[in-house]
Amino acid sequence: MSSGTRITPAVMPAHSGRDKRDQTESAESLVPGPNNMVEPTSMKGSAAIVRSLEEMGVTDVFGLPGGAILPTYDPLMDSKKIRHVLVRHEQGAGHAAQGYYLATGRPGVAIATSGPGATNLVTAIADAHMDSQAVVFITGQVGSQMIGTDAFQEADIVGITMPITKHSRLVTRAQDVPQALAEAFYISTTGRPGPVLVDVTKDAQEGLMDFSWPPKIDLPGYRPVLRGHAKQVREAAKLIQEAERPVLYVGGGVSRGHASIELRELAEKINAPVVTTLTARGVFPDSHPQHLGMPGMHGAVSAVSALQMSDLLITLGARFDDRVTGQLVSFAPNAKVIHADIDPAEISKNRTADVPIVGSVKEIIPELTEAVRETRKTTEGPDLTEWWRILNRIRETYPMGYTPTEDGLMAPQEVIKRISEASGPEATYVAGVGQHQMWASQFVKYERPHQWLNSAGLGTMGFAVPAAMGAKVGEPDRVVWAIDGDGCFQMTNQELATCVINQIPIKVAVINNSSLGMVRQWQTLFYDARYSNTDLNTGHDTARVPDFVKLADAYGCVGLRCEREEDLDAVIAEAMSINDRPVIVDFVVSRDSMVWPMVPSGVSNDDIQVARDMTPEWAEED
């Protein structure tokens with residue numbers, strides 16, 4: 001474990017001689033959008049909602065109307081700048097807004113009515129919160145005079161979502177609408193990205209106000225630190241200079257911070273191995289010789305073992321998640337820790353940092369690269385030849401692979417591998433949660449940031465289809481594959497109707513093992529193969545309820561089925577050739593295929609298994 005004095009980053013002194021404004025973002029000058037000057041114009045609060053979105057450059061929103069938000073849907077109909085995508089369920093609107101943000105880097109927007117409309121957003125809000133995504137949720141609320149009376153479709157959505165948002169606000173006056181929305185977008189997109197909810201009462205929407213732009217952002221307690229502390233950066237460079245087994249442990253913060261180019265420059269400068277977490281896949285190319293793959297419960301043996309044997313973790317935008325660390329007390333036991341993150345609450349939360357650096361990785365990584373460069377003008381860097389010899393041997397001995405199936409059905413890993421080969425790195429891949437998610441993280445080749453979208457922290461089944469829909473709206477020229485499980489797909493496939501009506505031609509690969517696959521894997525391994533309530537009856541030799549090909553046809557999509565490996569390439573090629581409507585491919589695979597490698601929950605990463613009851617031999621590497 002790391003040692004050293006614990007430092008509270010939030011109270012570190014400012015850089016000497018530097019204006020405080022250089023360290024923090026100036027809220028007064030950062031109203032999102034082009035900051036057009038709009039003279040006071042009388043309008044309703046509902047029109048002000050639409051106009052505020054337009055002035056901030058919003059072009060796409062996802063939503064579903066209802067009574068309490070109906071005043072806003074009227075002026076929204078007349079907007080020439082905003083495309084509204086009518087979803088079939090509010091959860092779909094939330095996930096679509098998430099996918100939009102993840103693919104484009106622009107904030108997503110989801111709109112819903114009060115009561116059940118708002119509560120149907122809760123899963124998406126929690127998901128966006130766990131994975132640090134800039135999404136603004138706008139909900140209608142009953143009239144302010146009705147609040148607290150248990151009025152029809154009243155729910156305290158601000159109270160409900162307060163623990164799972166970066167900020168939640170109730171607006172009861174029309175004149176507060178522009179400021180509330182401008183602050184929502186500013187808070188959501190700056191610092192550590194996160195969801196913000198703005199709940200607007202019906203009387204605030206219907207009331208008259210004088211709209212002007214830009215509004216004043218007044219957030220005196222909110223000043224995200226961007227630049228790293230110079231002394232801490234120098235200390236980090238010193239540790240890098242001394243390390244014989246450094247590892248760059250890269251998290252989703254590098255993706256959210258758009259710092260992939262800066263990361264590559266640092267990695268190549270210090271010649272350290274790189275591991276990328278589930279939310280960071282693609283920020284460092286899989287094809288790069290320094291990339292060891294994904295760490296964690298189902299990570300590559302080379303990535304997991306590199307962290308365990310490391311003497312220095314250069315942690316960038318990662319949070320020492322339990323799925324990465326395994327048993328925390330035994331994680332990277334001999335490593336010192338550099339931890340750079342924009343959220344001071346993450347630093348030393350799970351693992352004490354020897355050198356904490358608060359700030360944006362977009363700023364910190366170049367500062368660190370420069371500090372290393374300066375250090376190496378006078379002192380040679382460490383010789384990492386032996387470190388790479390060990391890691392390359394592990395990488396060659398334990399490559400990512402899979403065993404052939406025994407029941408004659410297709411291996412799901414091969415299906416995903418072939419999709420990747422046919423679609424390439426310019427395609428976008430979106431996964432649900434479960435075995436198919438892990439296989440997609442392992443067997444698709446990721447070469448660019450924002451190529452891989454998934455629900456990581458919350459693990460939301462049903463994420464893939466609506467998030468893929470949002471990604472396709474944001475980047476219509478890319479091929480977008482939703483790699484889904486037969487369980488996940490049935491949770492949100494109603495959004496296929498949205499895709500058909502709005503001409504959003506996503507492609508859905510249903511990895512159909514007729515099971516809740518990850519649950520079944522755990523039942524196989526830890527519950528004596530007692531398969532309690534995991535059979536879905538969708539696959540081979542079952543009742544096929546539903547038949548996914550018929551379901552696709554009912555929605556106006558193209559439905560295809562592939563049950564033999566010799567047909568894989570032809571079926572994928574057919575799916576790739578159809579671009580005027582959604583395509584759903586039912587890939588019928590073996591239900592006995594498992595995700596390997598695996599670190600069982602609650603044990604040390606040293607106990608990683610490459611297959612059932614097979615643990616690598618480490619003695620020769622020590």
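Which strands does helix α4 lie across? In this predicted model, helix α4 (residues 90–104) sits across β2, β4 (108–112) and β5 (135–141). Its direction runs at about 170° to that of β4.

The sheet behind those contacts is worth walking through. It is an open sheet of six strands, ordered β3-β2-β4-β5-β7-β6, and the pairing is parallel. At the edges are β3 (83–86) and β6 (167–171), each of which pairs on one side only. From one strand to the next, the twist averages 20°. Looking at one pair, β2 (residues 60–63) and β3 line up in the parallel sense over four bridges. Within β3, Val85 is the bridge partner of Phe62.

Further along the chain comes another open sheet of six strands, this one in the order β11-β10-β9-β12-β13-β14, with parallel pairing. Here the edge positions go to β11 (291–293) and β14 (355–358), and each pairs on one side only. Ignoring direction, neighbouring strands of this sheet are turned by 20° against each other on average. Strand β13 (residues 336–341) pairs with β14 in the parallel sense, over four bridges. Asp341 stands opposite Val358 in β14.

Helix α15 (residues 361–375) packs on this sheet, where it touches β12 (312–316), β13 and β14. The direction of α15 makes about 140° with that of β12. Then there is helix α16 (residues 385–397), which lies across β9 (246–250) and β11. Relative to β11, helix α16 runs at about 40°.

Notes: Residues numbered from 1 in each chain as written. Predicted model: local features only at pLDDT ≥ 70, side-chain atom pairs only at ≥ 80, totals over all residues. Heavy atoms only, no water. Pairing = 2+ DSSP bridges. Helix = DSSP H or I, 4+ residues; strand = E, 2+ residues; numbered from the N terminus. Axes fitted to C-alpha atoms, helices over the stretch in contact; angles between N-to-C directions. Contact = heavy atoms within 4.5 Å.
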